[in-house]
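User: Please examine the following structure with me and answer some questions on its strands and contacts.

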Amino acid sequence: QVQLVESGGGLVQAGGSLRLSCAASGSIFRINTMAWHRQAPGKQRELVAAITSGGSTNYADSVKGRFTISRDNAKNTVYLQMNSLKPEDTAVYYCNADVRSNDFRRDDYWGQGTQVSVSS
């Protein structure tokens, strides 16, 4: 079994910054793509940013130039640096990982979510 634990959410004023972290632990052989999604009240969950094991990234148009995703493969951790935050970035942010475990099963795992609130 694999667990994802997020941290770093909180309340910030518009224009401010936050850094989210998500650490994976458990029976991990290899982590493929890691990603951050978010879900605002009354809206569908959406992909914010993703990063492959090789470091290739992609971003939602709404966050390009403001957010940066990175990962530390040695620590099985993914980060999301969020700058120039806007009220519309307010949401619960979820970490997601495509994991091959030690028994060679491949599964998709999710964290419990961390709240990011941006005040105007």
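User: How many bridges join strand β1 to β3, and in which sense do the strands run?
Analyst: Strands here are DSSP runs of E of at least two residues, as helices are runs of H or I of at least four, numbered from the N terminus. Two strands pair if DSSP finds at least two bridges between them. Strand β1 covers residues 2-7, and its orientation relative to β3 is antiparallel, with the number of bridges being six.

User: On what basis should these values be read?
Analyst: The model is predicted, so that local features need pLDDT of at least 70 and side-chain atom pairs count only at pLDDT 80 or more, while totals for chains, interfaces and linings use all residues. Residues are numbered from 1 along each chain as its sequence is written, and side-chain values use heavy atoms, with hydrogens and water left out.

User: Which residue in β3 is the bridge partner of Glu-6?
Analyst: Glu-6 has its bridge partner in β3. This strand also pairs with β8 (residues 77-82), antiparallel and over six bridges; there, Arg-19 stands opposite Gln-81 and Ala-23 opposite Thr-77. The partner of Glu-6 is Cys-22.

User: In what order do the four strands form the open sheet?
Analyst: The pairing in this open sheet is antiparallel. Its order is β1-β3-β8-β7. The edges are held by β1 and β7 (67-72), each with a single partner strand, so one side of each has no neighbour in the sheet.

User: By what angle are neighbouring strands of this sheet turned against each other on average?
Analyst: Axes are lines fitted to C-alpha atoms, for helices over the stretch in contact, and angles run from 0 to 180 degrees between N-to-C directions. For this sheet the direction is ignored, and the average is 15°.

User: Which cysteine forms a disulfide with Cys-22?
Analyst: A disulfide is a pair of cysteine sulfur atoms within 2.5 Å, and by this rule the count comes to one. The sulfur atoms of the pair are 2.1 Å apart, and the link is left-handed, with -80° about the S-S bond. The partner of Cys-22 is Cys-95.

User: How many residues apart in sequence are the parts that this pair ties together?
Analyst: Cys-22 belongs to strand β3 (residues 18-26) and Cys-95 to strand β9 (residues 91-101), so the disulfide connects distant stretches of sequence by tying parts that are 73 residues apart.

User: Is Cys-95 buried or exposed?
Analyst: Buried means under 20% relative accessible area, exposed over 50%, and partly exposed in between (1.4 Å probe, protein chains only). Cys-22 has a relative accessible area of 0% and is buried. Cys-95, at 0% relative accessibility, is likewise buried.

User: With which side chain does the side chain of Asp-98 make a polar contact?
Analyst: Asp-98 lies in strand β9 and is buried at 15% relative accessible area. A polar contact is a pair of N or O atoms within 3.5 Å; within protein, one must be able to donate a hydrogen and the other to accept it, and residues adjacent in sequence count only if both atoms are side-chain atoms. At 2.5 Å, the partner is Arg-106.

User: Where does Asn-76, with its positive phi, lie?
Analyst: Asn-76 has a phi of about 50° although it is not a glycine. At 25% relative accessibility, Asn-76 is partly exposed. Its place is the loop between β7 and β8.
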